[in-house]
Amino acid sequence: MDSLLKHMVDMTGHRDHTMLDISVISAVQELACASLARVLTLASVRGQLYVRPRAVVVAGQPARMEENPDPSSPGEPIANIPALAGCIARHEAFVDQVDATGNHTLWLPIWLGDKADTCLEIVNPTPYTSDTIHIIGGVLSVYRNFQNLLDYSERDSLTGLLNRKTFDDQLAKMLLASGAEQDSLTLPPGEQERRQHCQEEKQWLAVIDVDHFKHVNDRFGHLYGDEVLILIANLLTSSFRAQDRVFRFGGEEFVVLLRSSTLDNAKKIIERFRLNVEQHDFPQVGKVTVSVGFVAISAYEAPVVILGRADQALYYAKSHGRNMACHYDELVSGGLLQTVESNDTAEFF
Ligand SMILES: Nc1nc2c(ncn2[C@@H]2O[C@H](COP(=O)(O)OP(=O)(O)OP(=O)(O)O)[C@@H](O)[C@H]2O)c(=O)[nH]1
């Protein structure tokens, strides 16, 4: 009982999804004396469910996050794990399967209404007692409630997108990850040149602003204005990829962090979104357009500098006709934007 309480205190002491995941699998692994426990993400892509591990703990070792080896892949099709696929299809609380080596795998989806986007997987050489399943079920209920609470504090209440506060945390994490990656690269002779020729995958930041939104509010009223923002949030979510992150920054401004993309792909994805908005028929309001400014994220630049550059490209789009996406570096190299270095940051004129 002491151990259970200790885990509950630990779980509810976090303000971060990653730490909460680490904390829940550590608790479950210890309470079930499991050889392995994982937190799985269940992602729906074009109507198909995929499974991807996001945290793992092996008995005797500390829990750790699982890096996605291929960010462009949504994971393993759930059809490859028939027992779990059946459990999800039947909306069951758990399913237990014994494999050829005698190991028992217990899957417990975290249901929120009729949707489960997280599942716990616990592997054990011996069968689970009903007491163990009961205790784990209780831990998972606390986990689910706490996850809900974290979601609520991280999201914008109108659109359901991630909010500005979450953006600061996620950008800091992205900068840390890309800094570590860049530092670990010791390029052999010739590789530097080769990389400059082929397009490198980078992280990108895009700032999106609805054009003439004040006019929408003034002409149709705030309720229709709000509906436009919700529909644009939906178009953002459907136009960008599952590994990208979409934020409402406030008002009619949105920010997207695009992960691991070449310049050509980043352009294509952003342009696809801009066109999706242009072609959408907004009820009552009719046509709405957006302007976009985007820039590559560098681990060696302060967040305020990166954001400032994307804003400058957005400002350029706004003042040159709107309904367009502008790439900061292209504007600078084309002589359309000028930067002057001052101290260690760049300023614009
Ligand atoms: N309906 C609604 N309107 C909002 C919300 N937040 C901000 N606004 C409005 O968004 C409008 C933004 O107007 P401006 O900053 O002048 O920009 P704009 O009219 O889009 O013009 P450009 O950006 O230059 O194309 C203001 O009228 C704000 O009141 C919101 O949550 N809901």
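What follows is a chat about helix packing and ligand contacts in a predicted model.

Student: Let's start at the N terminus. How are H1 and H4 oriented relative to each other?

Tutor: Helix H1 covers residues 2-11 and helix H4 covers residues 130-154, with their axes 11 Å apart. The two pack at an angle of about 15°. Angles under 35 degrees count as roughly parallel, so H1 and H4 are roughly parallel to each other.

Student: And which residue class makes up the contact of H1 with H4?

Tutor: H1 passes H4 in a right-handed crossing. On the H1 side you've got Leu 4, Met 8 and Met 11, and H4 brings Ile 135, Val 139, Val 142, Tyr 143 and Phe 146. Sorted by class, there are no polar and no charged residues in the contact, just eight that are nonpolar.

Student: What about H2: how is H1 oriented relative to it?

Tutor: H2 spans residues 17-31, and its axis comes within 9 Å of that of H1. The axes cross at roughly 170°. Angles over 145 count as roughly antiparallel, so H1 and H2 are roughly antiparallel to each other.

Student: How many charged residues sit in the contact of H1 with H2?

Tutor: H1 puts in Ser 3, Leu 4, His 7, Asp 10 and Met 11. From H2 come Leu 20, Ser 23, Val 24, Ser 26, Ala 27, Glu 30 and Leu 31. Split by class, that's six nonpolar and four polar, and the charged ones number two.

Student: Jumping further along, at roughly what angle do the axes of H8 and H9 cross?

Tutor: H8 is residues 222-239 and H9 is residues 263-279. H8 passes H9 in a right-handed crossing. Their axes come within 10 Å, and the crossing angle is roughly 145°.

Student: How many charged residues are in the contact of H8 with H9?

Tutor: Ile 232, Leu 235, Leu 236 and Ser 239 in H8 meet Ile 269, Arg 272, Phe 273, Asn 276 and Val 277 in H9. By class, six are nonpolar and two polar, with the charged count at one.

Student: Now the ligand. Which residue has a polar backbone atom 2.7 Å from a ligand oxygen?

Tutor: There are 16 residues around the ligand, and those that come nearest are His 212, Phe 213, Asn 217, Asp 226 and Arg 248. The Asn 217 side chain has an N or O atom 2.8 Å from a ligand nitrogen, while Arg 322 places a polar side-chain atom 2.9 Å from a ligand oxygen. The backbone contact at 2.7 Å belongs to Phe 213.

Key
Residues are numbered from 1 along each chain as its sequence is written. This is a predicted model: local features need pLDDT of at least 70, side-chain atom pairs count only at pLDDT 80 or more; totals for chains, interfaces and linings use all residues. Side-chain values use heavy atoms; hydrogens and water are left out. Axes are lines fitted to C-alpha atoms, for helices over the stretch in contact, and angles run from 0 to 180 degrees between N-to-C directions. Helices (H or I, at least four residues) and strands (E, at least two) are DSSP runs, numbered from the N terminus. A crossing is left-handed if the near helix is turned anticlockwise from the far one by less than a right angle, and right-handed if clockwise. Contact means heavy atoms within 4.5 Å. Ala, Val, Leu, Ile, Met, Phe, Trp, Tyr, Cys and Pro count as nonpolar, Asp, Glu, Lys and Arg as charged, and the others, Gly among them, as polar. Angles under 35 degrees count as roughly parallel, over 145 as roughly antiparallel, 65 to 115 as roughly perpendicular and the rest as oblique. A residue is near a molecule or strand if one of its heavy atoms lies within 4 Å of it. A polar contact is a pair of N or O atoms within 3.5 Å; within protein, one must be able to donate a hydrogen and the other to accept it, and residues adjacent in sequence count only if both atoms are side-chain atoms.
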